[in-house]
Amino acid sequence: MRKAALHNLGCKVNAYETEAMEQLLEAAGYEIVGFEEKADVYVINTCSVTNVADKKSRQMLHRAKAKNPDAVVVAAGCYVQAAADKLREDAAVDLIIGNNRKADLVPLLDAWFAGKEIKESITDLAESNEYEKLHIKKQAEHTRAFIKVQDGCNQFCSYCIIPYTRGRVRSRRPEDVEEEVKILAEEGYKEIVLTGIHLTSYGIDFKDEGIDFLTLIKRLHAIDGIERIRFGSLEPRVITEMFAEELSKLPKICPHFHLSLQSGCDDTLKRMNRHYTCEDYLYRCGILRKYFRDPAITTDVIVGFPGETEEEFEATKAFLERIGFYEMHIFKYSRRAGTRADRMPEQVPEQIKNVRSEALLLLEKQMSKAYRESFLGKKKTVLLEEKTEIEGRAYMIGHTMEYVKAVVPYADDLKNKMTEGVLKEALNDEVLLLDESWKVV
């Protein structure tokens with residue numbers, strides 16, 4: 001039996017596709033081993049979102065070949081789309097598979113081991129409207145399953161290479177998503193997270209059929225066994241009165257909304273080619289707070305974007321405080337060859353990016369703590385996920401619907417159980433404790 005090892009780089013969509021490729025290999029008779037072990041096949045699902053991601057992708061490919069020079073090293077994903085010519089010349093890489101072609105992994109390996117001269121499977125994604133059919137039946141964690149429902153992006157933000165490496169928007173058939181979610185529900189998964197490259201574009205290619213993102217959500221909401229539906233990153237403009245009101249009628253929807261912001265300054269947003277203003281973003285947050293009680297609103301912020309002045313940064317910082325986010329992912333702007341932002345003048349020095357990043361990380365910590373502690377004394381449901389240890393004591397840890405971490409004292413049979421209780425105290429900066437009255441529901 002041949003051994004295969006996989007390594008994922010990048011986003012949740014990539015992680016989903018890596019799981020799907022692993023299951024294809026298992027079904028074909030491969031034994032899956034850890035990436036640090038000696039294997040006959042190494043599959044690296046690459047990322048190309050920044051120049052640093054490109055470098056990491058190359059490093060992992062070379063590390064795989066160094067582990068076993070006789071192994072077949074497969075480069076898959078975004079870096080393949082961005083740099084296929086470089087990979088064809090790289091002695092560490094044997095096979096290359098682009099996005100939308102990851103389902104070809106096993107046939108490509110079969111051809112390799114049969115001595116055939118087929119070394120790649122790549123599509124020109126600018127010309128393709130096809131959604132690649134990849135499926136999963138299980139995931140590494142057994143309480144929450146990530147479901148890829150959409151691929152590609154039509155936004156062309158000035159800092160982003162993704163529309164070129166992932167292609168145009170392509171949506172997965174709703175009946176195909178339903179089928180996968182039903183299988184996962186039967187396997188015991190209670191929570192699903194809908195993910196995509198530009199999730200809220202779901203269905204724009206099905207307009208003639210009257211299928212959109214809300215249609216999909218409602219269909220999944222009706223599936224027995226699934227108790228929670230959570231979303232990946234959302235485009236702020238999807239949040240309308242109608243959308244939020246309809247969601248608020250669905251009790252399985254987690255009031256946890258990741259609305260990508262990137263900057264709290266209109267001039268910076270314009271240079272980024274983001275299609276909203278700060279006031280528009282604030283308005284959308286207001287809609288969520290109208291229809292959901294204490295929703296968790298989280299976001300991404302880029303500091304040090306080309307041309308960002310001290311005044312623009314301070315405007316961003318003030319805007320973040322005005323919104324009052326639960327969590328913020330802070331990124332220092334990283335140049336990406338092939339994007340408009342890479343060619344912009346007034347690139348911000350790294351040391352200034354570091355100072356600005358530290359300031360926002362401190363703000364994030366303060367706002368996150370305040371939001372978390374606002375739940376003390378309130379009754380919440382927690383889906384327990386795994387064992388953890390805090391100050392020498394064992395607990396089962398999970399999340400509320402708002403994605404706040406909470407724990408109960410450890411017991412063997414609590415994994416994947418829904419519990420309810422009053423959040424009575426903060427054990428540390430990240431975790432709240434349910435009081436003694438908690439129960440399994």
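No disulfides were found in a search of the whole structure, the count being 0, where a disulfide is a pair of cysteine sulfur atoms within 2.5 Å. The structure is a predicted model, in which local features need pLDDT of at least 70 and side-chain atom pairs count only at pLDDT 80 or more, while totals for chains, interfaces and linings use all residues. Residues are numbered from 1 along each chain as its sequence is written, and side-chain values use heavy atoms, with hydrogens and water left out.

For cysteine 153, the closest cysteine sulfur is that of cysteine 157, and no bond is possible because the two sulfurs are 6.3 Å apart. Cysteine 157 is likewise in no disulfide, with the nearest cysteine sulfur, in cysteine 160, 6.2 Å away. Cysteine 153 has a relative accessibility of 9% and counts as buried; cysteine 157, at 11%, is also buried. Here buried means under 20% relative accessible area, exposed over 50%, and partly exposed in between, with a 1.4 Å probe and protein chains only.

A sheet of 4 strands is open, with the order S11-S12-S13-S14 and parallel pairing. Its edges are strand S11 (233-234) and strand S14 (327-332); each has a single partner strand, so one side of each lacks a neighbour in the sheet. Strands (E, at least two residues) and helices (H or I, at least four) are DSSP runs numbered from the N terminus, and two strands pair if DSSP finds at least two bridges between them. Strand S13 (residues 296-303) is joined to S14 in the parallel sense by 6 bridges. Valine 303 stands opposite lysine 332 of S14.

Serine 368 is placed in helix H12 (residues 350-373) and is buried, its relative accessible area being 4%. Its side chain makes a polar contact of 2.6 Å with the side chain of arginine 372. A polar contact is a pair of N or O atoms within 3.5 Å; within protein, one atom must be able to donate a hydrogen and the other to accept it, and residues adjacent in sequence count only if both atoms are side-chain atoms. When residues up to four places away in sequence are not counted, serine 368 touches Phe325, Tyr326 and Glu327, contact meaning heavy atoms within 4.5 Å.

The aromatic pairs number 13. Rings of Phe, Tyr and Trp (its six-membered ring) pair if their centres lie within 6.5 Å; planes under 30 degrees apart count as stacked, over 60 as edge-to-face and the rest as tilted. Tyrosine 281 and phenylalanine 319 are edge-to-face, at 6.2 Å centre to centre and 65° between the planes. Tyrosine 281 belongs to helix H10 (residues 278-291) and phenylalanine 319 to helix H11 (residues 310-323), so this pair ties together parts 38 residues apart in sequence. Both residues are buried. A second edge-to-face pair consists of phenylalanine 305 and tyrosine 333, with 5.4 Å between centres and 75° between planes. Phenylalanine 305 is in the loop between S13 and H11 and tyrosine 333 in the loop between S14 and H12, 28 residues apart. Phenylalanine 305 is buried at 0% relative accessible area, and tyrosine 333 is buried at 4%. Ring pairs also link Tyr276, Tyr281, Phe319 and Phe325 into a cluster.

Charges over rings were examined as well. The charged end of arginine 173 sits over the ring of phenylalanine 206, 4.6 Å from its centre, and lysine 387 lies over the face of tyrosine 410, 4.6 Å from the ring centre. The criterion is that NZ of Lys or CZ of Arg is within 6 Å of the ring centre and within 35 degrees of the ring normal.
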